[in-house]
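Please examine the sequence and the structure shown below before reading the report.

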Amino acid sequence: MRKLMTGLARTLAIIGGIVLSLLILLTCASILGRLLNGFFHGDFMQSVAPGLADWAIGIGIGPVNGDFELVEAGVAFAIFCFLPLCQITAGHASVDILANSFSRRVNRILRMLTELTFAAVLVLIAWKLFDGMMSKRAYAETTFLLQFPIWWAYALSFVAAFAAALVGIYMGAVRTYECFTGRILVWDGVEATQ
């Protein structure tokens, strides 16, 4: 089960990284297009080379239409893609100033409670994304510029959030088992400091 969950988490993280990289390229292209568009519309180019300026404007040099809509949807998806890997590797931020003074047993109880809370929150997020997706689909809402259905973004985020919830439930079960048996099933390096 660990290999399956780790494979799922890593695959989603790779997909999220690819999407994030493409969004960075899209943003750079849009910014460059916006700068060039302003340059070709400017007084200097209109007076020095009006034919070139008009040609460049005519072929569509400018910002990417709807770039912020794509970035908004893509970043939400990417964030949910990174959550499973963060969950399975215990990569969330933590403050261990007080916890370092506790015994291993108390720390295992705290880790179990933390993982169960994370699992519950991830299930809640996935559930509400599903509700939102169904609502956006029922009302056929679209984005302002690109006019793509908003529920598509919700659906992609829901798939990644559902995977995060599965990994969260798995980690909650693992930490519960570890708490009650004392055996470490998923080694993440935290146990070495205790």
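This report treats the annotated spans, a pocket and a surface patch in turn.

The model is predicted. According to the UniProt record, an unreviewed entry, the annotation "transmembrane region" covers residues 12-36, 75-98, 110-130 and 150-173. Two of these spans are described in the table.

| Span | Distance between end C-alpha atoms | Helix | Strand |
|---|---|---|---|
| Residues 110-130 | 30 Å | 100% | 0% |
| Residues 150-173 | 34 Å | 100% | 0% |

The next topic is empty space. Rolling a probe the size of a water molecule over the atoms shows where such space is left. The second largest pocket has a volume of about 250 Å³. It is lined by 14 residues, and those closest to its centre are Glu72, Ala73, Ile150, Ala153 and Tyr154. Two elements, helix 4 (67-88) and helix 6 (150-181), each give two or more residues to this lining. Helix 4 makes the greatest contribution to the lining, with six residues. Sorted by class, the lining of the second largest pocket holds 10 nonpolar residues, two polar residues and two charged residues.

Helix 4 also takes part in a feature of the surface, a nonpolar patch. This patch, of about 380 Å², is made by Leu20, Ile24, Val75, Ile79 and Phe82. Helix 1 (2-41) and helix 4 are the elements that give two or more residues to the nonpolar patch. Which element supplies the largest share of the nonpolar patch? Helix 4 does, with three residues. Ile24, one of the residues of the patch, is found in helix 1.

How values were computed:
Residues are numbered from 1 along each chain as its sequence is written. This is a predicted model: local features need pLDDT of at least 70, side-chain atom pairs count only at pLDDT 80 or more; totals for chains, interfaces and linings use all residues. Side-chain values use heavy atoms; hydrogens and water are left out. UniProt positions are given in the numbering used here, feature names are shortened, and annotations may be inferred rather than shown by experiment. Helices (H or I, at least four residues) and strands (E, at least two) are DSSP runs, numbered from the N terminus. On a 1 Å grid over the protein atoms alone, a cavity is a set of points where a 1.4 Å probe fits but cannot get out, and a pocket is an open set with protein on both sides within 12 Å along at least five of seven lines; lining residues have an atom within 4 Å of a point. Grid points are joined across faces, edges and corners, and a volume is the space filled by probe spheres set on the points. Ala, Val, Leu, Ile, Met, Phe, Trp, Tyr, Cys and Pro count as nonpolar, Asp, Glu, Lys and Arg as charged, and the others, Gly among them, as polar. Patches are made of residues with over 30% relative accessible area and no salt bridge: like charges are joined within 9 Å, nonpolar side chains (Val, Leu, Ile, Met, Phe, Trp, Tyr) within 5 Å. Accessible areas come from the Shrake-Rupley method with a 1.4 Å probe; for residues, only the protein chains shown count as cover. A salt bridge is a side-chain nitrogen of Lys or Arg within 4 Å of a carboxyl oxygen of Asp or Glu.
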